Number of protein chains: 2
Amino acid sequence: MSQTPGRLLDACEALLCEVDSVDELTVRRLAAHAHTTPSSVSYHFGSQEQLIIATAERVYKRLNAERLSLLNAAVQKASPNPPRLEDIIAALIGPSVRWSLEPNSKYRVLSHFTSMAQRSREPDLYRPVIEGIEHHRVFMPYFRLLAPWLSEAEIGWRMSCALGIRSQVTRSRSRNEVLTDHTIDFSDAGQVIERIVEVVVPMFRRPG
Amino acid sequence: MSQTPGRLLDACEALLCEVDSVDELTVRRLAAHAHTTPSSVSYHFGSQEQLIIATAERVYKRLNAERLSLLNAAVQKASPNPPRLEDIIAALIGPSVRWSLEPNSKYRVLSHFTSMAQRSREPDLYRPVIEGIEHHRVFMPYFRLLAPWLSEAEIGWRMSCALGIRSQVTRSRSRNEVLTDHTIDFSDAGQVIERIVEVVVPMFRRPG
DNA sequence: CGCCGATTCAAACAGCGTTCGAAGAGTGTC
DNA sequence: GACACTCTTCGAACGCTGTTTGAATCGGCG
């Protein structure tokens, strides 16, 4: 077995974090960083795009592991009572928010990845990673427990909304700062998560 | 005055709508469509990127005009009473949702634009368009009227959240369909807008 | 007319991702 | 030990990209 694929994955991960725009990442820079040649990217991964996808997948798995561990902690903490709704929401959206603010986290890999997914002409390459790895379904039973009057579909819709708010925070920080007159400190992950939870919780409250 | 810049803007708008990925849009294709040569793009706009930004700006203005006209309609309809909260929210997020679903609208220009803004190494080129043209501040007084217990910053934060949910719908349709078990018809703009309004309204209700 | 700025265009340039073919490394078989 | 075979590496080349350059052309104006 060659160890070049592994070195390419590592190089890709490292370079994606250093880079401001994803098209500063070239096969030639990648190859140099991994001590190999441009053609080995195509050889081992099929294309540069697929290498980036594989890199993102690896990072996604770590992010999701953190989500799950927060979820389990929330469940443990409250056991045998049902977990707090606030904790479940924070487990869902917290890691993304936190990673996006930690300067040395690998979050840049994910934001480059999602921006590539949007502009790709081969959405099928990305779909499995976006829909499969982020298996939000693990959260479903706990939301159902806390809001049994909502169907699975209704809960899924509210999770989508929560994730949309999360993305707005991680993606358009400067725009948010303008809209909120700089009164929210968007560099304080804890505060931001709290604000998101505060806005999402009412979506799961019993109506009327 | 030359009429080439105008033809380039038109060509860029048309091609951005036809294209799946923004890097299918090349200066050579642009030039051919506008009956000119590749170098005229750089000559008139500085770069291909700036041409795309100018194109998006033009489309953004139309989208915002539609928002404002919906806002005014909502105000007129209720006058002299304050407008309905639901109508204000629908005016804010409705046009994007509707455009993103109309096959012949120019929404593709905007989604290509935002995905470019994310991956650009010159964010300053995009900032004025993103923060300036979308002058959401017009909505502020009406929200304040309807939720006087919220500060401007609090309202701005909730508007951000609403826009985030809107983006989630216009961007990740397939992911939403999976999460909601295909029980929401994301191709029905009216229904989608209604669902968003339904989730956003509680954010503006008096706490407690 | 003569001039001058504005505009057009073909050619060239440096960079990109990928493909190709030859060379090398390692392994199992005769 | 020698051969055959696959897996891997690598440099050269290909076709494409956006931009720059310099010469040609156009349109008014003194």
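Which residues are buried in helix 11 of chain B? In this predicted model, they are B:V192, B:I193, B:R195, B:I196, B:V197, B:V199 and B:V200. Helix 11 of chain B covers residues 189–200, and its 12 residues reach 16 Å from the first C-alpha to the last, close to the 16 Å expected at 1.5 Å a residue. The buried residues of this helix pack against elements of both chains: helix 9 (152–171) of chain A, and helix 5 (85–101) and helix 9 (152–171) of chain B.

That packing leads to the fold of a single chain. Chain A has 11 helices and zero strands, so described because helices and strands are taken as DSSP runs. Read from the N terminus, the elements of chain A are α-α-α-α-α-α-α-α-α-α-α. Along the principal axes, the C-alpha atoms of chain A fill a box of roughly 65 × 40 × 30 Å. Of its 208 residues, 38% count as buried. Among the contacts in chain A between residues at least 6 apart in sequence, 66% join residues at least 24 apart.

One pair in chain B shows residues apart in sequence and gives their separation in space. B:Y60 and B:V129 are separated by 69 residues in sequence, while their C-alpha atoms lie 8.3 Å apart. B:Y60 belongs to helix 4 of chain B. This tyrosine has 19 other C-beta atoms within 10 Å, so it is classed as partly exposed; a residue counts as buried if 20 or more such atoms lie within that distance.

The next topic is how the two chains are arranged. Two copies of a chain are related by a rotation about an axis and a shift along it. Here, a turn of 180 degrees and a shift of 0.0 Å along the axis lay chain B on chain A with an RMSD of 0.0 Å. This is the relation of a two-fold axis. Within chain B, the residue closest to the rotation axis is B:G164, whose C-alpha is at 2.4 Å.

The contact between the chains takes 40 residues from chain B and 41 residues from chain A. On the chain B side, at least two residues each come from helix 6 (107–119), helix 7 (123–133), helix 9, helix 10 (173–179) and helix 11. Helix 9 of chain B gives the most to this side, with 14 residues. By residue type, the side of chain B that touches chain A divides into 14 nonpolar, 14 polar and 12 charged. Because 100% of the interface residues of chain B are also interface residues in chain A, the copies meet through the same surface.

The DNA remains to be placed. DNA strand C is surrounded by 18 residues, of which A:T26, A:S39, A:S47, A:Q48 and B:S39 are the closest. The surface near strand C receives at least two residues each from helix 2 (27–33), helix 3 and helix 4 (48–78) of chain A, and from helix 3 of chain B. Its residues divide into five nonpolar, 11 polar and two charged.

Around DNA strand D there are 18 residues, and A:S39, B:T26, B:S39, B:S47 and B:Q48 come nearest. For the surface near strand D, helix 3 (39–45) of chain A and helix 2 (27–33), helix 3 (39–45) and helix 4 (48–78) of chain B each supply at least two residues. This surface is made up of five nonpolar, 11 polar and two charged residues.

Key: Residues are numbered from 1 along each chain as its sequence is written. Chains are lettered from A and ligands numbered from 1 in the order in which they are written. This is a predicted model: local features need pLDDT of at least 70, side-chain atom pairs count only at pLDDT 80 or more; totals for chains, interfaces and linings use all residues. A residue is near a molecule or strand if its C-beta atom, placed from the backbone, lies within 6 Å of it. Helices (H or I, at least four residues) and strands (E, at least two) are DSSP runs, numbered from the N terminus. Ala, Val, Leu, Ile, Met, Phe, Trp, Tyr, Cys and Pro count as nonpolar, Asp, Glu, Lys and Arg as charged, and the others, Gly among them, as polar. Copies are superposed by least squares on the C-alpha atoms of residues with pLDDT of at least 70 in both. Two residues are in contact if their C-beta atoms, placed from the backbone, lie within 7 Å. The expected span of a helix is 1.5 Å times one less than its number of residues. A residue is buried if 20 or more other C-beta atoms lie within 10 Å of its own, exposed if 12 or fewer, and partly exposed in between; C-beta atoms are placed from the backbone.
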